[in-house]
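This report concerns a ligand-bound protein model and describes selected features of its fold. Please consult the sequence and coordinates alongside the text.

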Amino acid sequence: MAVAVKICGLKTEVALAVAVQGGASFVGFVFFPASPRALTPCEAARLVVKVPPGIRRVAVVVDADDLTLETILTAAPFDFVQCHGRETVARARAIRERFRIGVIKAVPVAEAADLDAAAPYEDAVDWLLFDSRAPNQARHPGGNALAFDWSLLRGRAWRRPWLLAGGLHAGNLAEAVRLSGAAAVDVSSGIEDVPGEKSLAKIGQFLAVAKDL
Ligand SMILES: O=C(O)c1ccccc1NCC(=O)[C@H](O)[C@H](O)COP(=O)(O)O
């Protein structure tokens, strides 16, 4: 059974094309200015229009207000907003209802107790995303190439589908899926040569591994 992949932090047409050809199920665009992967709504729109039907387009935001979301979502068509900050359950629900869009809520994980934070979101969002908790000094809450103990997820069940994220790369993907039981994964740093610069070869390798799982 192949594992579904979200390729996150895309910035160029060529990287997007490799992700699409390699079989990505989701493609993510980051709207957080401090990130080396940040795009403006205009820059993202030029890429988003190239995404073929059936591949889900994700706008990654951090505690974005309605005006910011309006600007992003009117510049280009997205299928999901990924809330990667401290958005409450009420805020996640409000985004989903006001913008009539799917919502993915990132849940930061460092220890088993952190998983309990996911349950209250189940009725408010479409997907959960379990990512490593960013260190205090991190400049952004995601995309930090940090893994957590994947076995924490083993045997846990949620009423929403979920993605595993954090420090994944072609070399550890099989083990991460085996230990966590993930059916969908999200990757950014592990398919880059330097932060913000995607490696076409690494995107291809990651997707090839995912296809065989
Ligand atoms: O990627 C970023 O720079 C980023 C910045 C701010 C919020 C979220 C961000 N990324 C979200 C993602 O979905 C990443 O793919 C996820 O955190 C995993 O990242 P990595 O450990 O680098 O694979």
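The following paragraphs treat the ligand shell, a central strand and a helix in turn.

The model is predicted. In it, the ligand is surrounded by 27 residues, and C8, S35, G142, G143 and S189 are the closest of these. By residue class, the shell comprises 11 nonpolar, 13 polar and three charged residues. Strand 2 (26–30) and strand 8 (184–187) each contribute at least two residues to this shell.

Strand 6 spans residues 127–132. Six of its six residues are buried, so strand 6 is largely enclosed by the rest of the structure. Strand 6 pairs with strand 5 and also with strand 7, as tabulated below.

| Partner of strand 6 | Residues | Sense | Bridges | Residue opposite F130 |
|---|---|---|---|---|
| Strand 5 | 102–109 | parallel | six | V107 |
| Strand 7 | 162–165 | parallel | three | L164 |

F130 of strand 6 thus has V107 opposite it, and in strand 7 its bridge partner is L164.

Helix 5 covers residues 173–180, and its buried residues are L173, A176, V177 and S180. Because these buried residues fall within an arc of 95° when viewed down the axis of helix 5, they line one face of the helix. The buried residues of helix 5 pack against strand 7, strand 8 and helix 6 (200–211). Strand 7 is therefore a pairing partner of strand 6 and a packing partner of helix 5, while strand 8 both packs against the buried residues of helix 5 and supplies residues to the ligand shell. Just after helix 5, G181 adopts a positive phi of about 80°.

Notes: Residues are numbered from 1 along each chain as its sequence is written. This is a predicted model: local features need pLDDT of at least 70, side-chain atom pairs count only at pLDDT 80 or more; totals for chains, interfaces and linings use all residues. A residue is near a molecule or strand if its C-beta atom, placed from the backbone, lies within 6 Å of it. Helices (H or I, at least four residues) and strands (E, at least two) are DSSP runs, numbered from the N terminus. Ala, Val, Leu, Ile, Met, Phe, Trp, Tyr, Cys and Pro count as nonpolar, Asp, Glu, Lys and Arg as charged, and the others, Gly among them, as polar. A residue is buried if 20 or more other C-beta atoms lie within 10 Å of its own, exposed if 12 or fewer, and partly exposed in between; C-beta atoms are placed from the backbone. Two strands pair if DSSP finds at least two bridges between them. The arc is that of the directions from the helix axis to the C-beta atoms. Two residues are in contact if their C-beta atoms, placed from the backbone, lie within 7 Å.
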